[in-house]
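Me: Could you walk me through the sheet in this one, and what sits around it? I'd like a close look at that part, with the rest of the chain only as background.

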Amino acid sequence: ERTGPGQFSRRRFLGAMAAAGAASFLGRGHAAAPSGMRGILLIVGDDHGAQLGCLGTEGLSTPVLDGLAAEGALFRQNFCSLASCSPSRASLLTGLYPHSHGIPINCHEYFGAQPPAEWMEKYDAANRGREVHDDVPTMVEVLKRAGYRTGITQKFHLYPHRKFPFDAWLPGRPESITRFVADCGDQPFFLMHNIPSPHRPFQGHIRRTGHS
């Protein structure tokens with residue numbers, strides 16, 4: 001947790017990433033969310049690089065994401081901790097590099113709160129050495145302690161599941177997301193919405209959707 005001038009500690013990074021202005025609140029580990037805190041929506045485009053109109057990539061039409069960028073903050077200097085799915089996802093949710101959080105290469109995927117016994121028998125041993133360390137706090141754990149209801153859609157690709165205790169595991173359909181937000185009522189929420197469509201090769205998505 002030691003930091004130099006202008007540096008974030010792990011806990012302060014998690015707080016800042018969760019909600020700007022709530023970093024100190026999350027870092028102190030309060031048991032309830034402050035009044036006025038609403039929802040955090042983290043959208044992850046799987047394997048999504050600079051393929052956006054707002055980043056100047058020609059030949060693309062991305063009006064919704066361009067609109068989000070126009071109304072918010074667009075960061076033009078970004079760095080991927082490792083060009084692989086599981087390590088980079090773990091970095092997003094811990095604020096650490098892969099050699100520090102514990103997932104240096106892709107682990108085996110199971111989307112759900114707890115893998116069944118047959119999956120554990122097949123993949124648990126293989127995932128050893130590809131799992132977030134128990135002493136590393138994750139964004140999901142921090143926000144749950146702060147009183148948030150947490151949810152994730154479509155893809156997980158992390159390990160172990162106990163370090164990411166999401167309350168809801170959802171398909172990516174709009175109605176499931178709308179229902180999750182509505183069910184939260186006045187409780188603040190964190191939803192990690194994963195969009196697999198940008199992942200190469202693109203032909204798989206084209207065949208599934210019938211678009212060309």
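Reply: Start with the strand order: in this predicted model, four strands make an open sheet that reads S1-S4-S2-S3, with parallel pairing. The edges are S1 and S3 (168–170), each of which pairs on one side only. Neighbouring strands are turned by 15° against each other on average, if you ignore direction.

Now zoom in on S4. Seven bridges tie S1 to S4, and the two run parallel. If you want to find your way along that pairing, leucine 41 has leucine 191 as its bridge partner in S4, and valine 44 has asparagine 194. Five bridges join S2 to S4, again parallel. Here leucine 191 turns up once more, since glycine 151 stands opposite leucine 191 in S4. As a general reminder, strands of a sheet pair through backbone hydrogen bonds, either parallel or antiparallel.

How enclosed is S4 by the rest of the structure? Six of its seven residues are buried, so S4 is largely enclosed. The cut-off behind that word is a relative accessible area under 20%.

Helices pack on the sheet too. Helix H8 (residues 174–184) packs on it and touches S2 (149–153), S3 and S4; the direction of H8 makes about 175° with that of S4. H4 also packs on the sheet, where it touches S1 and S4, and its direction makes about 160° with that of S4.

That brings us to the nonpolar cores. The largest one has 21 residues, and those with the most contacts inside it are Leu93, Phe156, Leu158, Phe164, Phe166, Phe190 and Met192. Two or more residues come from each of strand S1 (39–45), helix H4 (85–94), helix H7 (139–145) and strand S4 (189–195). H7 gives the largest share, three residues. Apart from this core lies another of seven residues, including Leu170, Phe180, Cys184 and Leu191. So the leucine 191 that pairs with leucine 41 also belongs to that second core. The general background is that nonpolar side chains tend to be buried together in soluble globular proteins.

Phe156 is worth a click of its own. Leaving aside neighbours within four places in sequence, phenylalanine 156 is in contact with Arg89, Glu109, Tyr110, Phe111, His161, Phe164, Phe166 and Trp169. Two of those, Phe164 and Phe166, are also listed among the core residues with the most contacts.

Next, the loop between S2 and S3, where a few backbone details stand out. Glutamine 154 is found in this loop, and its phi is near 70°, a positive value in a residue other than glycine. Histidine 157 has its place in this loop as well, and it has a positive phi of about 60° although it is not a glycine. Are these two buried or partly exposed? Glutamine 154 is partly exposed, with a relative accessible area of 36%, whereas histidine 157 is buried at 11%. Proline 160 also has its place in the loop between S2 and S3. A cis peptide bond joins tyrosine 159 and proline 160, with omega about -5°.

One more loop residue to check is threonine 138. You'll find threonine 138 in the loop between helix H6 (117–127) and H7, the helix that gives the largest core its largest share. Threonine 138 is buried, with a relative accessible area of 0%. What does its side chain reach? The side chain of threonine 138 reaches the backbone oxygen of lysine 163 at 2.7 Å.

Finally, the background you asked for. The chain has nine helices and four strands, and from the N terminus on they run α-α-β-α-α-α-α-α-β-β-α-β-α. Of the 212 residues, 36% count as buried. The chain exposes about 12300 Å², and carbon and sulfur atoms supply 55% of that area. Taking contacts with a separation of 6 or more, residues 24 or more positions apart account for 63% of them.

If you only have a minute at the screen, go to S4: seven bridges join it to S1, five join it to S2, and both H4 and H8 touch it.

Definitions and conventions. Residues numbered from 1 in each chain as written. Predicted model: local features only at pLDDT ≥ 70, side-chain atom pairs only at ≥ 80, totals over all residues. Heavy atoms only, no water. Core = buried A, V, L, I, M, F, W, Y, C linked by side-chain atoms within 4.5 Å. Buried < 20%, exposed > 50% of the residue type's maximum accessible area, 1.4 Å probe, protein only. Contact = heavy atoms within 4.5 Å. Pairing = 2+ DSSP bridges. Axes fitted to C-alpha atoms, helices over the stretch in contact; angles between N-to-C directions. Polar contact = N/O pair within 3.5 Å; in protein donor to acceptor, adjacent residues only side chain to side chain. Areas by Shrake-Rupley, 256 points an atom, 1.4 Å probe, with all protein chains shown as cover.
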